Amino acid sequence: MRRRLNLSTRPFYNERALNAVLAVIAVLVLAVTAFNLWKVYGLSGRQAESQARITMAETKAREFRSQAVRIRSSINPRDLEATIAAAREANALIDRRMFSWTELFNHLEVTLPPQVRIASVRPRVEKDGSMTLGLVVIARSVESVDTFIENLEKDGLCQGVLSRDEFLNQDGLIQADLVGRYVPAKAADAPPGGDR
């Protein structure tokens, strides 16, 4: 009969427990491996879907680019310039319709000195979208015209008001042609269509 030799101080003869622990560890390793394989399979499927979407988007982008080239080549430059000019004209008309005569006359009434009369008012929309205001005024003295100009600028109705021409009219009164940049106080609150 053969005897097993055990040189350990505390011998361990229960091999079943050791085998059970090793089996549990092996099952866990297999489960984690299966889970990782399942995740890799799912991610590769998503990557294939994403790649298909990218390819489709690139194909559509190429189609759109070729359509844009065809459309650009079919546009007549003269027609395009005519359309741009018409759009500018339409925008100028819209700006004129948005002009509030009521607001302008209310400001003029507040800033006008008693010795000055307004003979004409000419608002004009510039190419940059700003508005220039031309006024012809009649006054008894140059000082009255200067006071009116100061009042316009102080009120904020106009900026950079200049007298382009001053002369004595047939009645012996000063007639001055004024021009300045019109700054409406309530441009955003102007009613649609403006006041006429």
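**Exercise 1. Place Met131 in the structure: is this residue buried or exposed, and what lies across from it?**

Step 1. Met131 has a relative accessibility of 14%, so Met131 counts as buried. Buried means under 20% relative accessible area, exposed over 50%, and partly exposed in between, with a 1.4 Å probe and protein chains only.

Step 2. Met131 belongs to strand E2. Helices (H or I, at least four residues) and strands (E, at least two) are DSSP runs, numbered from the N terminus.

Step 3. The C-alpha atoms of Met131 and Arg181 are 6.0 Å apart, while 50 residues separate the two along the chain.

The model is predicted: local features need pLDDT of at least 70, side-chain atom pairs count only at pLDDT 80 or more, and totals for chains, interfaces and linings use all residues. Residues are numbered from 1 along each chain as its sequence is written, and side-chain values use heavy atoms, with hydrogens and water left out.

**Exercise 2. Describe the chain as a whole: what is the pattern of its secondary structure along the sequence?**

Step 1. The chain has four helices and four strands.

Step 2. Along the sequence, the pattern is α-α-α-β-β-α-β-β.

Step 3. The chain has 196 residues, and 20% of them count as buried.

Step 4. Take the contacts (heavy atoms within 4.5 Å) between residues at least 6 apart in sequence: 54% of these join residues at least 24 apart.

Step 5. About 15500 Å² of the chain is exposed, with 58% of this supplied by carbon and sulfur atoms. Accessible areas come from the Shrake-Rupley method with a 1.4 Å probe; for residues, only the protein chains shown count as cover.

**Exercise 3. Find the two sides of H3: which residues of this helix are buried?**

Step 1. The buried residues in H3 are Glu103, Leu104, His107, Leu108 and Thr111.

Step 2. These residues are on the same side of H3, because they cover an arc of only 130° around the axis. The arc is that of the directions from the helix axis to the C-beta atoms.

Step 3. The general rule is that an α-helix has 3.6 residues a turn, so residues three or four places apart point the same way.

Step 4. Glu109 and Val110 are exposed on the other side of H3.

Step 5. Strand E1 (116–125), strand E2 (131–139), helix H4 (142–155) and E4 are what the buried residues of H3 pack against.

**Exercise 4. Look at one residue of H3: what does Thr111 touch?**

Step 1. Helix H3 spans residues 101–111 and includes Thr111.

Step 2. Thr111 counts as buried because its relative accessibility is 3%.

Step 3. Leaving out residues up to four places away in sequence, Thr111 touches Phe148, Asn151, Leu152 and Asp155.

Step 4. The Thr111 side chain also reaches the backbone oxygen of His107, at 3.0 Å.

**Exercise 5. Examine the salt bridges: how many are found in the whole structure?**

Step 1. The search finds four salt bridges. A salt bridge is a side-chain nitrogen of Lys or Arg within 4 Å of a carboxyl oxygen of Asp or Glu.

Step 2. One of them joins the side chains of Glu49 and Arg53 at 3.8 Å, N to O. The two residues are four residues apart in helix H1, so about one helical turn separates them. Glu49 is partly exposed at 45% relative accessible area, and Arg53 is exposed at 54%.

Step 3. Another joins the side chains of Arg124 and Glu126 at 2.8 Å, N to O. Arg124 is partly exposed at 48%, as is Glu126 at 25%.

Step 4. Arg164 and Asp177 also meet through their side chains, at 3.4 Å, N to O. Arg164 is in strand E3 (residues 158–168) and Asp177 in strand E4 (residues 174–182), so this pair ties together parts that are 13 residues apart in sequence.

Step 5. Salt bridges link Arg122, Arg164 and Asp177 in a network.

**Exercise 6. Examine a loop residue: where does Arg140 lie?**

Step 1. Arg140 is in the loop between E2 and H4.

Step 2. Arg140 counts as exposed because its relative accessibility is 67%.

Step 3. Not counting residues up to four places away in sequence, Arg140 touches Gln115, Leu173 and Ile174. From Arg140 to Gln115, the C-alpha distance is 6.2 Å, with their positions 25 residues apart in sequence.

Notes: A polar contact is a pair of N or O atoms within 3.5 Å; within protein, one must be able to donate a hydrogen and the other to accept it, and residues adjacent in sequence count only if both atoms are side-chain atoms.
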